[in-house]
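Visitor: Please take a close look at one part of this model, the metal site, and then place it within the rest of the chain.

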Amino acid sequence: MDIQFLGTGAGQPSKARNVSSLALKLLDEINEVWLFDCGEGTQNRILETTIRPRKVSKIFITHLHGDHIFGLPGFLSSRAFQANEEQTDLEIYGPQGIKAFVLTSLRVSGSRLPYRIHFHEFDQDSLGKVLETDKFTVYAEELDHTIFCVGYRVMQKDLEGTLDAEKLKAAGVPFGPLFGKIKNGQDIVLDDGTEIKAADYISAPRPGKIITILGDTRKTNASVRLAVNADVLVHESTYGKGDEKIARNHGHSTNMQAAQVAAEAGAKRLLLNHISARFLSKDISQLKKDAATVFENVHVVKDLEEVEL
Ligand SMILES: [Zn+2]
């Protein structure tokens, strides 16, 4: 499982940073890629990665500001051009209005897609659990931006314990169907009368990962709730230390506020994105340094950077 950042800039693209989009790569887990936001040019960024557009099965949109959605019509159309590959359906989750935006863009431009899009729109009253599969649950909660905007909490379900084959062999269990029984939690008795308790040979289930990906927001308790015990929190940092007032006026956060959220939530790791083009590279190291005084495990991400979870 990893996150690859496709666009880490705020508002408008710069040479170094494209507008918002990131890919949560779940290839080992479910052979899918989930996109979060899709700013203009996202498809160009994807060309610089190993991500195959057909593998993108779900797109989660945080809010309808252009720098988070203008890449959708282009990406969706290009995804259709992989003619020699099987056309797979796509799910889009996002605030009410996302369906009208996508369908209007496709209709006006005469674009016809050879696959289906299923829309899951929500508003203030229909948030909470927005998706549940056998391996993942996704929750959304409203943040505090200038328009309706949500954050997502992706929770991987706990992973089954694994069988300790070496220990079983050492205990004299012959390799074969008995292994399967023990794996299923069944206790067995060997021919020589030895009792084998399944629980002694299966490791404890491993807790699934928690990934929190927020849209644009002022500092708010909803962010903390979404990020409780998260393995990773992706938080915007449109402004730097000392800019709290202007951040508030524009519906955004500073690096310090993002760090406070991570600390209050007990998150393990904080990744800062939505970085303003005003920041030069020395400012970026300062952003990190300042934030680290509040929350140590912090990093300012770059376009195309891949972070393993
Ligand atoms: Zn915005």
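**The zinc site and its surroundings**

Guide: At 0% relative accessibility, His-63 counts as buried, because the cut-off for that class is under 20%. The model is a predicted one, and His-63 is one of the protein donors of its zinc ion, contributing NE2. The other donors are His-65 through ND1, His-145 through NE2 and Asp-216 through OD, and the four lie 2.2 to 2.4 Å from the ion. Along the chain the donors follow the spacing H-x1-H-x79-H-x70-D. His-65 has a relative accessibility of 25% and therefore counts as partly exposed.

The geometry comes next. The four donor atoms subtend angles of 86 to 175° around the zinc ion, and so the arrangement is irregular. A tetrahedral label would need every angle to lie between 85 and 135 degrees, and the upper end of the range here is 175°.

On the wider scale, the domain assignment divides the chain into domain 1, made of 2-159 + 206-301, and domain 2, made of 165-200. Their centres, taken over C-alpha atoms, are separated by 46 Å.

Helix H4 spans residues 72-80, and seven of its nine residues are buried, so the helix is largely enclosed by the rest of the structure. The buried residues are Leu-72, Pro-73, Phe-75, Leu-76, Ser-77, Arg-79 and Ala-80. Pro-73 can be related to Leu-26: the two are 47 residues apart along the chain, and their C-alpha atoms are separated by 24 Å. Leu-26 belongs to strand S2, residues 21-26, and counts as buried because its relative accessibility is 0%.

Two backbone positions deserve a check. Most residues other than glycine have a negative phi. Asn-31 is not a glycine, yet its phi is positive, about 60°. Asn-31 sits in the loop between helix H1 (27-30) and strand S3 (32-36), and it is partly exposed, with a relative accessible area of 42%. His-274, also a residue other than glycine, has a positive phi near 55°. His-274 is in the loop between strand S14 (270-273) and H11, and with a relative accessible area of 4% this residue is buried.

That loop leads to a helix pair. H10 (residues 255-265) and H11 (residues 281-292) pack at an angle of about 40°, with their axes 9 Å apart. That angle makes H10 oblique to H11, and H10 passes H11 in a right-handed crossing.

Methods: Residues numbered from 1 in each chain as written. Predicted model: local features only at pLDDT ≥ 70, side-chain atom pairs only at ≥ 80, totals over all residues. Heavy atoms only, no water. Domains from an automatic or database assignment. Donors = N, O, S within 2.8 Å, 3.2 Å for Na, K, Ca; no water. Tetrahedral: all angles 85-135°; square planar, octahedral: opposite > 155°, others 65-115°. Buried < 20%, exposed > 50% of the residue type's maximum accessible area, 1.4 Å probe, protein only. Axes fitted to C-alpha atoms, helices over the stretch in contact; angles between N-to-C directions. Helix = DSSP H or I, 4+ residues; strand = E, 2+ residues; numbered from the N terminus. Parallel < 35°, antiparallel > 145°, perpendicular 65-115°, else oblique. Left-handed = near helix turned anticlockwise from the far one by under 90°.
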